[in-house]
Amino acid sequence: MELDYAGDLTPKQAWALLKEDKNSQLVDCRTTAEWSLVGVPELESIKKLPLFIEWQTFPMMEKNQRFLQEISENITDKSTKIIFLCRSGARSRSAAEFLTAQGFNKCYNCIEGFEGNHNELGQRSTINGWKFSGLPWKQG
């Protein structure tokens, strides 16, 4: 299957890329509510900070009309490797596709997201995802 962005990464692959490439950037594109209530990735141990830029704005979940502007204000080199992270990998895929269409040619989707897929009880963070993988995070 051909993708409209650079590719999909598991959380552990995303972490490895962030560690290896000093110019790579993690963009958490969840909502302000998710950041404060669910937690956020912690990158200080690799001397980085994630960017927090909503793809859809809370509470109406409408596309953030300033998304491209906010990305461009923080990432000026369009060849920077950018990893997008959302709850489960859906919004981050859309963000990666959109930004690739805007000329950023190394956009990746963290496919399991921060919380991962639902288990049989409808709960997240028990099957996969950033938190489940044991990667650093903190409560927002």
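Colleague: In this model, which residue of S8 is the bridge partner of Gly7?

Modeller: The model is a predicted one. In S8, Gly7 has Tyr108 as its bridge partner, and Leu9 stands opposite Cys110.

Colleague: What makes S1 and S8 a pair of strands?

Modeller: Strands pair if DSSP finds at least two bridges between them. S1 and S8 (residues 107-110) share 3 bridges, in the parallel sense. The requirement is at least two bridges, so S1 and S8 count as paired.

Colleague: How do you know that H1 packs on the sheet, and what is its angle to S1?

Modeller: Helix H1 (residues 11-20) touches S1, strand S2 (25-28), S7 and S8. The direction of H1 makes about 100° with that of S1.

Colleague: What is the order of the strands in the sheet, and why are S1 and S4 called edge strands?

Modeller: The sheet is open, has 5 strands with parallel pairing, and follows the order S1-S8-S7-S2-S4. Strand S1 (7-9) and strand S4 (51-52) each pair on one side only, and they are the edge strands.

Colleague: How many bridges join S2 to S4, and how many join S2 to S7?

Modeller: S2 and S4 run parallel and are joined by 2 bridges; Val27 has Leu51 as its bridge partner in S4. Two bridges meet the minimum of at least two, so S2 and S4 count as paired. S2 and S7 also run parallel, with 4 bridges between them, and Asp28 stands opposite Leu85 in S7. On S7 as well, Phe84 stands opposite Asn109 in S8.

Colleague: What makes you say that both faces of S2 are covered?

Modeller: Gln25 and Val27 on one side of S2, and Leu26 and Asp28 on the other, are all buried. Buried means under 20% relative accessible area. In S8, Cys107 and Asn109 point one way, Tyr108 and Cys110 point the other way, and all are buried.

Colleague: Is Thr32 buried, exposed or partly exposed, and how do you know?

Modeller: Thr32 has a relative accessible area of 42%. Buried requires under 20% and exposed requires over 50%. The value of 42% falls in between, so Thr32 is partly exposed. Thr32 lies in helix H2 (residues 32-38). Leaving out residues up to four places away in sequence, Thr32 touches Glu54 and Phe58. Thr32 and Phe58 are 26 residues apart in sequence, with their C-alpha atoms 6.9 Å apart.

Colleague: How do the axes of H3 and H4 cross, and what is their arrangement called?

Modeller: The axes come within 11 Å and cross at roughly 75°. Angles of 65 to 115 degrees count as roughly perpendicular, so H3 is roughly perpendicular to H4. At this crossing, Phe67, Leu68 and Ile71 in H3 meet Ala95, Phe98 and Leu99 in H4. By class, the contact has 6 nonpolar, no polar and no charged residues.

Colleague: Which residues touch the most other members of the largest nonpolar core, and which elements supply at least two residues each?

Modeller: That core has 17 residues, and Val27, Phe67, Ile71, Ile82, Phe84 and Leu99 touch the most other members. Helix H3 (67-74), strand S7 (82-85) and helix H4 (90-101) each supply at least two residues, with H4 giving the most, 3 residues. A second, separate core has 16 residues, including Trp15, Leu43, Ile83 and Cys110.

Note on methods:
Residues are numbered from 1 along each chain as its sequence is written. This is a predicted model: local features need pLDDT of at least 70, side-chain atom pairs count only at pLDDT 80 or more; totals for chains, interfaces and linings use all residues. Side-chain values use heavy atoms; hydrogens and water are left out. A nonpolar core is a set of buried Ala, Val, Leu, Ile, Met, Phe, Trp, Tyr and Cys residues joined through side-chain atoms within 4.5 Å. Buried means under 20% relative accessible area, exposed over 50%, partly exposed in between (1.4 Å probe, protein chains only). Contact means heavy atoms within 4.5 Å. Axes are lines fitted to C-alpha atoms, for helices over the stretch in contact, and angles run from 0 to 180 degrees between N-to-C directions. Angles under 35 degrees count as roughly parallel, over 145 as roughly antiparallel, 65 to 115 as roughly perpendicular and the rest as oblique. Ala, Val, Leu, Ile, Met, Phe, Trp, Tyr, Cys and Pro count as nonpolar, Asp, Glu, Lys and Arg as charged, and the others, Gly among them, as polar.
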